[in-house]
Number of protein chains: 2
Amino acid sequence: MTEVEGKSCIAIVGGGLKRTVNKKKKLLLQVGALAACFLAKRGHQIVIYEYRSDIRMEKSRGQSINLALSFRGREALKAIGLENILVKCHGTCMRGRMLHDKDGNLKEVLYDSVKGNCIYSVNRQYLNVVLLDAAEKYPQVQLNFNRKLVEADLEKGKMKFLNTHTGATEDAKVDLIIGADGAHSTVRKIMARRPLFNCAQTYIEHGYVELSVPCKEYNEFAMSGNNLHVWPRGEFMMTSLPNENHTFTGNLFAPFRVFEKLKTREALLSFYTEHFSDLLRLIGEEKLVEQFFEKEPQTLISIKCKPYHVGKTAVIVGDAAHAMVPFYAQGMNTGFEDILVLDELMERYDSNFAKILPKFSELRCDNGHAICDLAMYNYIEMRDLVTKKSFLFRKFVDKLLFTLVPNFWIPLYFAVQFTRMSFRECIAHKEWQDKVLRMSIFYLAFLSFAVFSCSFFLK
Amino acid sequence: MTEVEGKSCIAIVGGGLKRTVNKKKKLLLQVGALAACFLAKRGHQIVIYEYRSDIRMEKSRGQSINLALSFRGREALKAIGLENILVKCHGTCMRGRMLHDKDGNLKEVLYDSVKGNCIYSVNRQYLNVVLLDAAEKYPQVQLNFNRKLVEADLEKGKMKFLNTHTGATEDAKVDLIIGADGAHSTVRKIMARRPLFNCAQTYIEHGYVELSVPCKEYNEFAMSGNNLHVWPRGEFMMTSLPNENHTFTGNLFAPFRVFEKLKTREALLSFYTEHFSDLLRLIGEEKLVEQFFEKEPQTLISIKCKPYHVGKTAVIVGDAAHAMVPFYAQGMNTGFEDILVLDELMERYDSNFAKILPKFSELRCDNGHAICDLAMYNYIEMRDLVTKKSFLFRKFVDKLLFTLVPNFWIPLYFAVQFTRMSFRECIAHKEWQDKVLRMSIFYLAFLSFAVFSCSFFLK
């Protein structure tokens, strides 16, 4: 690759793949491809090293697994001119959660009942293709598929790849290595050998099984197509997200010991009859049994680490830096925001990596930890709290105050999904609101008591 | 290795080495060698694979770095008949902390002022040699040095080693793999690729530099030889442990930003003159400067993971499972207790690894996490709390109640150092005691107020 004066050569390492529940492979390159677009726009030379073969060349495009895009992700896509095609043309708007109780009664809880924002369900495959096409349009971007990172000297920008097609090893040297290689990132594992690199991988004791919900006759949605459907059952739940082709992608999230009890056709059908009877009718018994037993329940991992960079030569982004459980639908959004932040720092520090990378860690690490925690919390909210009166009352109070003083009282969910407020700040905001509400309840109680006492003595 | 009916072939993987501050290497095999003794005693065939060459063959035996042995470690040594030689003949008894203030005034705080227990400082090199000799005496134990674990299939008990002498790779297959390969354990890293294996590595933002304190003329200790000396200075501290040869091994523990300021001879001497003037006199200016600048400050790592085993074929013990910061002097003691617990389970389940290993994880993981937390806490106690009146008052109350009701009121430090109470229980005990004391203070205050009020009205 020819060097351009004042411009750097940057390698983006893609993790490439994750075995999905149906043994097909998900491409995880989206954050890497987005980074390539941003950096190429600044004139840098980009080489993408992707473990997988080119997804666009494959006959089978795998299962249609959807991703949820909200404000942070959209802002990143907007900056490279892809928001319209991905969100407005091919995204399916979800305006809120549709809660299903055991009897099949529905209750809609809007994501944003004040300003009407919604979250978009986007086809993962399509998103990847669009991003890869966009990256490839830049002449400075070189795409290398079937390259597995074997070893790296992160301080010197040196890497060794295995060409999985030819079996040969290839060496590369660049000015900056960007590890966008997913939750099981090789770049992060190499970083973890360095002193003072903190890292934690946590699997929750719950797993998931993916189930497709077919469309009705005449290609219609079987349920409301503008909602994320949730069947909250306390300890476990089902969710399903609408697809562009009017099917739904559903997931059963539950403790592994619940899955342990669902080993036979009878046990499974009786479980679904008891807890998700409306959904069972939509999927059909045969289809449910077939899909459910096709594979083992998958695990859910959360990754926190610090820092995200090594000197001025290596940085990790996206799931490689902060894989999270999927319950806040912020995995890709946070990854995309990483690239937006990186680009903002490129602008501020004129592509001086020695200044950019430490600042990136400073800005993003604590936020990465915060969104990992929020995602864990949201699982409890989705599977349990949403059915509680206290939760619905809090939603009501939030809505009221957000309507009255929208710049002052920003509800947590809104801040996370529909603003770029740092995740740390989102949590701090919520804590401060909780305090205000607790105090208000206390004073209200005190006032009621005072009024009651006065009226009693004045009788 | 010939198989014996009903007995298993067990591989013990030793981590072998850690670069110490003076570029010499510490042997980390002690837990592995201890395990070999216990398991060989039960008739199993043992193969030790040690990264390092045989420490006993080396001319230079490295610096005399000492380890602290207390009850848990001693119980393990007693079970294989090594307590007497290691502790009673070659251990240096430390009966308490000797606190040095800035003016050189001394204050002794006994570890156990009620029953008189003490902790023993033991030479690491000597301990290793004794343990290796003991292991080698069993005909079932085979020692392989210079073997670096490269890869393993933990479920099948298969391993691939690099012979660092010949450069050849060697394969091995056993019934059980015991990873005793230290904080940077390869066995643990292979475990970490498996789903549902949780793991966190945390470096604290403090480092340390090791400094030797020479003995006086006529080979006498320069300070009291029966104490662990501490110079608590709030944010940082010096400690020093007595050696059998009447020198002390000292350590400066401090935040890295403090070390950043100690880059010149002048800065260092002025720092020592201000904070550790008595120690500076003992070490001497030239010797201090020479030792201090010989190497960079070392990092301090803490490892928590769960589970400790894979099926019935692999388990990690010691630092590989629960490396901790050194402030409770429980690193080796906990590792030795691991082996004691493993042996107790071998007895209970008649060497049935399918039952033993899950039980080992169940018993040890939470305790491993607990002692890691306690070790972190003890740093604050040693460098800061020991100088506070409230801390000394609490020590006094603990002593009083421990004397009066020794089976009921067991102080935290005593429980950790001088019993085999599980570390979780030690913490629960302390929390319960704190609660009792808080309530007592509240009632005492109330009672005082009531008595005062009564006496006032009765006047």
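This passage walks through selected helix packings, sheets, ring pairs and backbone features of a predicted model.

A convenient place to start is helix 2 of chain A, which spans residues 71-79 and packs against helix 11 of chain A, residues 331-348. The axes of these two helices are 7 Å apart and meet at an angle of about 45°. Helix 2 of chain A is therefore oblique to helix 11 of chain A, and the crossing of the two is left-handed. On the side of helix 2 of chain A, the contact is built from A:R72, A:G73, A:E75, A:A76, A:L77 and A:A79, while helix 11 of chain A supplies A:N333, A:F336, A:E337 and A:L340. Sorted by class, the residues of this contact comprise 5 nonpolar, 2 polar and 3 charged.

Helix 2 of chain A also packs with helix 1 of chain A, residues 30-41; here the axes come within 10 Å and cross at roughly 40°. These two helices are therefore oblique to each other as well, and helix 1 of chain A passes helix 2 of chain A in a left-handed crossing. The residues that touch are A:L34, A:F38 and A:K41 from helix 1 of chain A, and A:A76, A:L77 and A:A79 from helix 2 of chain A. This contact holds 5 nonpolar residues and 1 charged residue, with no polar ones. A:A76, A:L77 and A:A79 thus appear in the contact with helix 1 of chain A and are also listed in the contact with helix 11 of chain A.

Attention now turns to the sheets. Strands of a sheet pair through backbone hydrogen bonds, in either a parallel or an antiparallel sense. In chain A, 6 strands make an open sheet with mixed pairing, in the order 10-4-1-14-21-20. Strand 10 (141-144) and strand 20 (309-310) of chain A are its edge strands, each paired on one side only. Strand 10 of chain A runs parallel to strand 4 of chain A, residues 45-50, and 4 bridges link the two. Within this pairing, A:I48 has A:L143 of strand 10 of chain A as its bridge partner.

Chain B offers an open sheet of 3 strands, ordered 5-9-6, in which the pairing is antiparallel. Strand 5 (66-69) and strand 6 (92-94) of chain B each have a single partner strand, so one side of each is left without a neighbour in the sheet. On average, and with direction ignored, neighbouring strands of this sheet are turned by 35° against each other. Strand 5 of chain B is joined to strand 9 of chain B, residues 119-123, over 4 bridges in the antiparallel sense; B:L67 stands opposite B:V122 of strand 9.

Helix 4 of chain B, residues 124-137, lies across strand 5 and strand 9 of chain B and runs at about 80° to strand 9. Helix 4 of chain B also packs with helix 1 of chain B, residues 30-41, at an angle of about 25° and with the axes 9 Å apart. That angle makes helix 1 of chain B roughly parallel to helix 4 of chain B, and the crossing is left-handed. B:Q30, B:A33, B:L34, B:A36 and B:C37 of helix 1 of chain B meet B:R124, B:L127, B:N128, B:L131, B:L132, B:A134 and B:A135 of helix 4 of chain B. The residues of this contact fall into 9 nonpolar, 2 polar and 1 charged.

Aromatic rings provide another kind of link, and 44 aromatic pairs are found over all chains. One of them is formed by A:Y111 and A:Y413, which are stacked with 5.3 Å between centres and 5° between planes. A:Y111 belongs to the loop between strand 8 (106-110) and strand 9 (119-123) of chain A and A:Y413 to helix 14 (residues 412-418) of chain A, so the pair ties together parts that are 302 residues apart in sequence.

The backbone itself holds a few surprises for a newcomer. Most residues other than glycine have a negative phi, and most peptide bonds are trans. In chain A, the bond joining A:K306 and A:P307 is cis, with omega about -5°, and A:P307 sits in the loop between strand 19 (298-306) and strand 20 of chain A. In chain B, the bond from B:K306 to B:P307 is cis, with omega near -5°; B:P307 is found in the loop between strand 19 (298-306) and strand 20 (309-310) of chain B. B:L196, although not a glycine, has a positive phi of about 65°. This residue, B:L196, lies in the loop between helix 5 (186-191) and strand 15 (198-213) of chain B.

Technical notes. Residues numbered from 1 in each chain as written. Chains lettered and ligands numbered in written order. Predicted model: local features only at pLDDT ≥ 70, side-chain atom pairs only at ≥ 80, totals over all residues. Heavy atoms only, no water. Axes fitted to C-alpha atoms, helices over the stretch in contact; angles between N-to-C directions. Parallel < 35°, antiparallel > 145°, perpendicular 65-115°, else oblique. Left-handed = near helix turned anticlockwise from the far one by under 90°. Contact = heavy atoms within 4.5 Å. Nonpolar A, V, L, I, M, F, W, Y, C, P; charged D, E, K, R; others polar. Pairing = 2+ DSSP bridges. Phe/Tyr/Trp six-rings, centres within 6.5 Å; stacked < 30°, edge-to-face > 60°.
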